[in-house]
Amino acid sequence: EPLTNGNPSTNRTGDDLSRTLQIFRTLVESQSSEWNFKRMLGLWGELSILERALSLCESQLEELACLRAWQSNGIHCQDYCFRNASSAFDVKTTAKNQRIHEISSIDQVAERELESTYLLSVVVRPVGPGEGWTVLDLVSRIEDSLSGTSKETFIEIIESINPDQDLCGAHNLRERHNRPPMLFLPNQIPGVS
């Protein structure tokens, strides 16, 4: 409709389409810049996956590779891009019983020419204090597990994200029983082609 201004006989060019898509992209990006439960939930999932990846590292070089792969700021990219391994994935976290996720940008799951792309689904549930972890708990645990340049890099990333202290410290979460994280190819995701 914005392209034709309600008049189907109006001819528009590819430039008009590009402009309209950019307006839509800006709208989606601006809506996601505020801290809310959904954004906090997404960060919780990203941090839980980062903590697992870092626990498998055998050197600071591997830790730095994991930290550099984490694309923490930016809605229009996959959350983790491992360039040397030619793979990338976007972490989606839900507090629902089923794996129902919202994809805010096709760039999050789009196939790339030089890398394999995936969606990593994490299903969590709210729990009481002491039964799970808040985003701030995960940040502290990861920071405590690192040293040197890895720790400095992680602190810089967290400062750039600037998590809302009240929101990110108020919700204790843990993965749902019998719902382990699952990795999906784009062709396994309904609605993505």
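## Strand pairing around β3

Two strands pair if DSSP finds at least two bridges between them. In this predicted model, strand β3 covers residues 116-127 and has several such partners.

Strand β2 (residues 87-94) runs parallel to β3, and eight bridges join the two. Within β3, Tyr118 stands opposite Phe89. Strand β4 (residues 172-175) is antiparallel to β3, with four bridges between them; here Leu173 of β4 stands opposite Pro126. Strand β5 (residues 182-184) is also joined to β3, by three bridges in an antiparallel arrangement.

## Ser121

Ser121 belongs to strand β3, and its bridge partner in β5 is Met182. Ser121 counts as buried because its relative accessible area is 0%, and the cut-off for buried is under 20%.

The side chain of Ser121 makes a polar contact of 2.8 Å with the side chain of Arg99. Leaving aside residues up to four places away in sequence, Ser121 touches Lys92, Arg99, His101, Pro180, Pro181, Met182 and Phe184. Its bridge partner Met182 is thus listed among these contacts.

## Helix α3

Helix α3 spans residues 60-69, and its buried residues are Glu63, Leu64, Cys66, Leu67 and Ala69. These buried residues pack against two helices, α2 (37-55) and α5 (148-161), and against strand β1 (80-82).

## Model confidence

The mean pLDDT of the protein is 84, and 77% of the residues score at least 70. Among its elements, helix α4 (residues 135-145) has the highest mean pLDDT, 98, while helix α1 (residues 14-31) has the lowest, 65.

Definitions and conventions. Residues are numbered from 1 along each chain as its sequence is written. This is a predicted model: local features need pLDDT of at least 70, side-chain atom pairs count only at pLDDT 80 or more; totals for chains, interfaces and linings use all residues. Side-chain values use heavy atoms; hydrogens and water are left out. pLDDT is the predictor's confidence in each residue, from 0 to 100. Buried means under 20% relative accessible area, exposed over 50%, partly exposed in between (1.4 Å probe, protein chains only). Contact means heavy atoms within 4.5 Å. A polar contact is a pair of N or O atoms within 3.5 Å; within protein, one must be able to donate a hydrogen and the other to accept it, and residues adjacent in sequence count only if both atoms are side-chain atoms.
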